[in-house]
Amino acid sequence: MTSNLKKSLFVSLVALGFVAAAGTATAQSANAKSYARVTSNHKMTSTPTSRNVNFTGSNALYTKAGTLRGAKKVASTTTVKKIANSKSSQNNVRAYRVATTNRGSVYYKVVTYDGAYRGWIYGGKVQSVFGGGITAFDTFKNQNLSSLTDTQQKATYKIASPGTANDGKTVTYKQPAWTQYKVGRAITDSSPYANSTFKIDQVGTRTREGDQWVHITDTTNANSPANGWILYSGLKQTEAPVADNAIQINLVDPKDNSKVIKSITVTRDGAKKGTNFGYSDNGNWTISMSDRASILNQIRDALNGTSYTLDTLTTAQIAQIAQTNFGSSVNISVNAVTNIADNALRINFRKPDGTSLKTIDFVKGGATKGTTVGSAVSGSTNWTLSDGDKATIQSQITTALANSGYQLSGGNTLSTSQIDTIARG
């Protein structure tokens with residue numbers, strides 16, 4: 001009994017071992033047949049710009065179609081996600097070959113513009129539409145020239161720092177840098193064009209960086225080798241001659257002194273070129289109150305409709321203007337407008353000389369943009385505020401003017417005419 005049992009167990013084990021071995025052989029045979037094979041592989045012939053793509057992050061990059069035998073990973077999904085979200089145009093991607101497998105899957109061979117990554121990636125099931133691991137991508141967004149201010153469109157420019165640096169703002173490019181694969185500089189040295197003047201005829205922004213590029217053309221040579229794309233920040237405006245009896249005040253962006261928003265001209269009868277617009281008062285340069293008011297009014301009119309404002313001239317700006325010679329110009333920084341909430345009204349307080357003192361924003365819960373703060377008084381031409389709104393605004397005003405040395409005209413309480421003005425806001 002014992003002997004037979006042992007034999008039985010032994011035979012069973014051998015049988016199981018055979019089955020296991022047979023099973024392994026079958027699995028290996030199945031795996032060998034599971035690899036895909038390529039049925040077509042050719043160079044893409046569509047326009048280069050239509051083959052700019054970006055990674056979606058859903059598929060990795062391989063040395064060959066990922067389902068082919070021997071395919072090795074070039075970049076993981078984590079890496080391609082980082083490339084997809086990069087803020088550098090050097091990480092733009094170009095597709096240049098397409099292959100199809102016997103399973104109907106489409107793979108594209110792609111390369112990053114800086115050449116750091118090159119390989120095959122799954123692209124969906126249809127050759128005419130990018131899918132799977134890549135998607136169509138605009139590396140540069142063209143804009144209408146109207147996106148520039150009227151002054152910027154009409155101005156002429158010089159390259160601010162001529163030289164050889166490949167930094168986007170020293171030389172010009174055939175296309176904005178790194179927005180088209182292997183399309184580089186128009187010139188490698190802008191020094192010979194230091195005195196050339198240019199006009200802007202195209203504008204746009206790079207998608208990844210969001211920086212502004214402009215295409216410039218030489219004003220005296222339409223075929224100049226220097227014609228091309230450059231960062232707007234790499235240019236400086238040339239100035240039109242200013243009349244001998246006038247000064248030009250350029251209103252510039254507070255963060256970029258080369259960005260002129262608008263310009264105004266102030267003329268004085270009988271003035272002589274080279275003399276100062278203002279005068280020195282005990283060592284302090286200043287201008288008359290009438291000039292101050294007139295210049296502020298011109299500035300406000302010029303900035304109307306822009307996203308900039310200037311409610312008052314600082315002592316330093318007044319001194320700048322005062323020392324400006326007739327026949328020349330001066331740059332004055334203006335302020336970027338802080339957006340007003342849809343349910344708010346901005347109330348500006350002005351000094352008797354017309355300059356700005358303070359502002360407050362009255363916010364009303366539930367209010368919608370474009371509706372009036374108050375309402376018309378029945379049977380009257382006046383407008384009024386609700387008691388609650390009036391109390392809130394009065395409290396804000398009291399707080400704003402505390403320790404300022406100023407009060408509302410007529411006293412500390414809102415007058416009927418002031419209430420009427422606010423109510424119509």
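Which side chain does H215 join in a polar contact of 2.8 Å? The partner is D201, and the 2.8 Å contact runs from side chain to side chain. A polar contact here is a pair of N or O atoms within 3.5 Å; within protein, one must be able to donate a hydrogen and the other to accept it, and residues adjacent in sequence count only if both atoms are side-chain atoms.

Before going on, a word on the model: it is predicted, so local features need pLDDT of at least 70 and side-chain atom pairs count only at pLDDT 80 or more, while totals for chains, interfaces and linings use all residues. Residues are numbered from 1 along each chain as its sequence is written, and side-chain values use heavy atoms, with hydrogens and water left out.

**Around H215**

H215 sits in strand β12, residues 212–218. Strands (E, at least two residues) and helices (H or I, at least four) are DSSP runs numbered from the N terminus. With 15% relative accessibility, H215 counts as buried; buried means under 20% relative accessible area, exposed over 50%, and partly exposed in between, using a 1.4 Å probe and protein chains only. Leaving out residues up to four places away in sequence, H215 touches K199, I200, D201, Q202, N227, G228 and W229, where contact means heavy atoms within 4.5 Å.

**The loop between β10 and β11**

W178 belongs to the loop between β10 (156–159) and β11 (198–206), and K182 is found in that loop too. Neither is a glycine, yet W178 has a positive phi of about 65° and K182 has one of about 60°. Is K182 buried or exposed? K182 is exposed, because its relative accessible area is 74%. W178, at 35% relative accessibility, counts as partly exposed.

W178 also reaches residues far off in sequence: its C-alpha atom is 8.5 Å from that of N91, although the two are 87 residues apart along the chain. Beyond four places in sequence, W178 touches S89, Q90, N92, Y113, D114 and R206.

**Two cores**

A nonpolar core is a set of buried Ala, Val, Leu, Ile, Met, Phe, Trp, Tyr and Cys residues joined through side-chain atoms within 4.5 Å. The largest one has 24 residues, and those with the most contacts inside it are I249, F277, I295, I299, L303, L313 and I321. At least two residues of this core come from each of β15 (246–253), β16 (256–267), α4 (289–303), α5 (315–323) and β20 (329–333). α4 gives the largest share, five residues. I321 is in contact with I247, I249, F277, I287, I295, L313, V330 and I332, leaving aside neighbours within four places in sequence. Apart from this core lies another, of 22 residues, including I159, A177, W213 and I230.

**Two pockets**

Pockets come from a 1 Å grid over the protein atoms alone: a pocket is an open set of points where a 1.4 Å probe fits, with protein on both sides within 12 Å along at least five of seven lines, and lining residues have an atom within 4 Å of a point. Grid points are joined across faces, edges and corners, and a volume is the space filled by probe spheres set on the points. For the linings, Ala, Val, Leu, Ile, Met, Phe, Trp, Tyr, Cys and Pro count as nonpolar, Asp, Glu, Lys and Arg as charged, and the others, Gly among them, as polar.

| Pocket | Volume | Lining residues | Nearest the centre | Lining make-up |
|---|---|---|---|---|
| Largest pocket | about 480 Å³ | 21 residues | T309, D311, V337, R346 and N348 | seven nonpolar, 10 polar, four charged |
| Second largest pocket | about 380 Å³ | 20 residues | I347, N348, F349, L408 and Q418 | 11 nonpolar, six polar, three charged |

For the largest pocket, α4, β19 (308–309), β21 (335–336), β22 (344–350) and β23 (356–363) each supply at least two lining residues. For the second largest, the elements giving two or more are β22, α6 (387–401) and α7 (416–423). β22 gives the most there, with six residues.

**β22 and α7**

L345 is found in strand β22 and, at 17% relative accessibility, counts as buried. Beyond four places in sequence, L345 touches I360, D361, F362, V373, I422 and G425. Over in α7, Q418, I419, D420, I422 and A423 are buried. What do the buried residues of α7 pack against? They pack against β22, β25 (383–384) and α6.
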